[in-house]
Structures are given as C-alpha cells and as structure tokens.
Amino acid sequence: MATITVTVNGRSYTNDVEPRTLLVHYLREHLNLTGTHIGCDTSQCGACVVLVDGVSVKSCTMLAVQADGANVLTIEGLAQNGQLHPLQEGFWECHGLQCGYCTPGMIMAAYDLLQQNPNPTDEEVRHGLEGNLCRCTGYHNIVRAVQYAAAKMRSEEVTV
C-alpha cells in the first residue's frame with residue numbers, strides 16, 4: 001500500500017491505496033465522487049477527464065499515486081454555492097447532452113479549453129474536444145453549449 005495526499009475539489013484527502021489503483025477508481029471508490037465516469041478503460045472515450053494541476057487528464061490513464069500532492073478538479077467541483085458552472089448550464093440550455101454519460105468528461109475538457117482560450121472558434125472547440133466521444137449527439141449542440149459558456153464566462157449576453 002502507498003499513502004497519498006490529494007486535494008480534490010479544494011478538499012485534502014489522505015488515503016492508503018494499492019500502487020496499481022487508477023485515479024478514476026480512487027475518485028469513484030475511495031472518495032465516492034462518481035461524476036467521473038469510466039467509459040472504455042482504454043483512454044479512447046474521455047468520459048473520465050478531470051483536471052490535475054489545471055491540465056485535463058484522462059483519469060483512467062493515471063495512477064492515483066501519480067496524483068500524490070496534486071490538485072484535482074472533478075465535475076463535482078465546478079458548481080459553486082448551488083450555482084451551476086456556465087459549462088454545466090450551457091450543456092443544459094443548449095441540449096448538449098442526451099444520455100449524459102460523456103458529459104462530465106466533455107465539460108472538464110471544455111473547462112480546460114476555455115481556461116487556455118476564452119474565445120474559441122467552433123473549429124477550436126471541436127479540436128479541443130477531439131479526445132472525447134459522444135455516441136448520442138452530432139456534437140453540434142455540444143459546441144453550442146461550450147460557446148454559450150464561453151460567452152457567459154466573458155460576461156457577454158448569451159442566447160440559446
């Protein structure tokens with residue numbers, strides 16, 4: 001066993017984990033943060049995306065021991081004081097989700113994108129989400145949702 005200390009969504013956790021435990025399993029099974037989904041177990045789908053020290057990471061490809069000392073942001077950490085984050089709101093308002101399975105990973109990847117580029121073109125949004133698969137939508141509404149959030153985060157008036 002290895003002892004790790006990780007800050008997740010602003011809260012510090014210290015746990016003993018098996019060295020082979022993936023970060024996604026640590027989040028879901030040790031911390032009961034089940035918003036991070038396991039979709040493919042092969043790093044192809046992006047349902048497990050979280051931010052580690054501000055960078056989007058497919059948590060099924062990272063060991064929990066590699067996150068020792070890191071700051072991790074999951075989908076549960078986006079909403080503040082009962083208010084949805086603009087990305088969460090955008091996916092709701094612009095119908096950017098259907099079954100919702102890919103949504104947490106899509107939102108976290110989009111969050112990373114908007115931190116780097118607060119005013120992306122539609123093509124830049126599509127490129128930024130390349131590693132995330134959605135089997136339900138045609139991605140059009142996902143792009144609209146990210147653009148909605150980007151405008152809202154820039155304090156611009158948004159329309160649906």
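E89 is buried in this predicted model, with a relative accessible area of 19%. That value sits just inside the class, because buried means under 20% relative accessible area. Buried or not, E89 has a charged partner: K152 forms a salt bridge with it, and the closest N and O atoms are 2.7 Å apart. The pair ties together parts that are 63 residues apart in sequence, since K152 lies in helix 5 (residues 140-153) and E89 in helix 2 (residues 86-93). On its side of the bridge, K152 counts as partly exposed, at 33% relative accessibility.

Side chains of opposite charge can pair when their charged atoms come close. The count for this model comes to three salt bridges, so there are further pairs to go through. R20 bridges to E18, with 2.8 Å between the closest N and O atoms. Here R20 is exposed, at a relative accessible area of 66%, whereas E18 is partly exposed, at 36%. Another bridge joins R154 to E156, where the closest N and O atoms are 2.9 Å apart. Both ends of that one fall in the partly exposed class: R154 has a relative accessible area of 26%, and E156 has 41%.

Now for the wider charge picture. The protein chain carries 9 positive and 16 negative charges, and the mean positions of the two sets are 5 Å apart.

As for the fold, the protein chain has five helices and five strands. Reading from the N terminus, the order is β-β-α-β-β-β-α-α-α-α. Helix 2 and helix 5, the two elements linked by the E89 and K152 pair, both belong to this series. Contacts across the sequence are well represented too: among contacts in the protein chain with a separation of 6 or more, 56% come from residues 24 or more positions apart.

On overall dimensions, the C-alpha atoms fill a box of roughly 50 × 30 × 25 Å, taken along the principal axes. The radius of gyration of the protein chain is 16 Å, which agrees with the value near 15 Å for a compact globule of 160 residues. Of those 160 residues, 47% count as buried, and E89 is one of the buried residues. The accessible surface of the protein chain comes to about 8200 Å². Carbon and sulfur atoms account for 46% of that surface.

How values were computed: Residues are numbered from 1 along each chain as its sequence is written. This is a predicted model: local features need pLDDT of at least 70, side-chain atom pairs count only at pLDDT 80 or more; totals for chains, interfaces and linings use all residues. Side-chain values use heavy atoms; hydrogens and water are left out. A salt bridge is a side-chain nitrogen of Lys or Arg within 4 Å of a carboxyl oxygen of Asp or Glu. Buried means under 20% relative accessible area, exposed over 50%, partly exposed in between (1.4 Å probe, protein chains only). Helices (H or I, at least four residues) and strands (E, at least two) are DSSP runs, numbered from the N terminus. The radius of gyration is taken over C-alpha atoms; the globule rule is 2.2 Å times the number of residues to the power 0.38. Contact means heavy atoms within 4.5 Å. Accessible areas come from the Shrake-Rupley method with a 1.4 Å probe; for residues, only the protein chains shown count as cover. Lys and Arg count as positive and Asp and Glu as negative; His and the chain ends are not counted. The place of a charge is taken as NZ of Lys, CZ of Arg, CG of Asp or CD of Glu.
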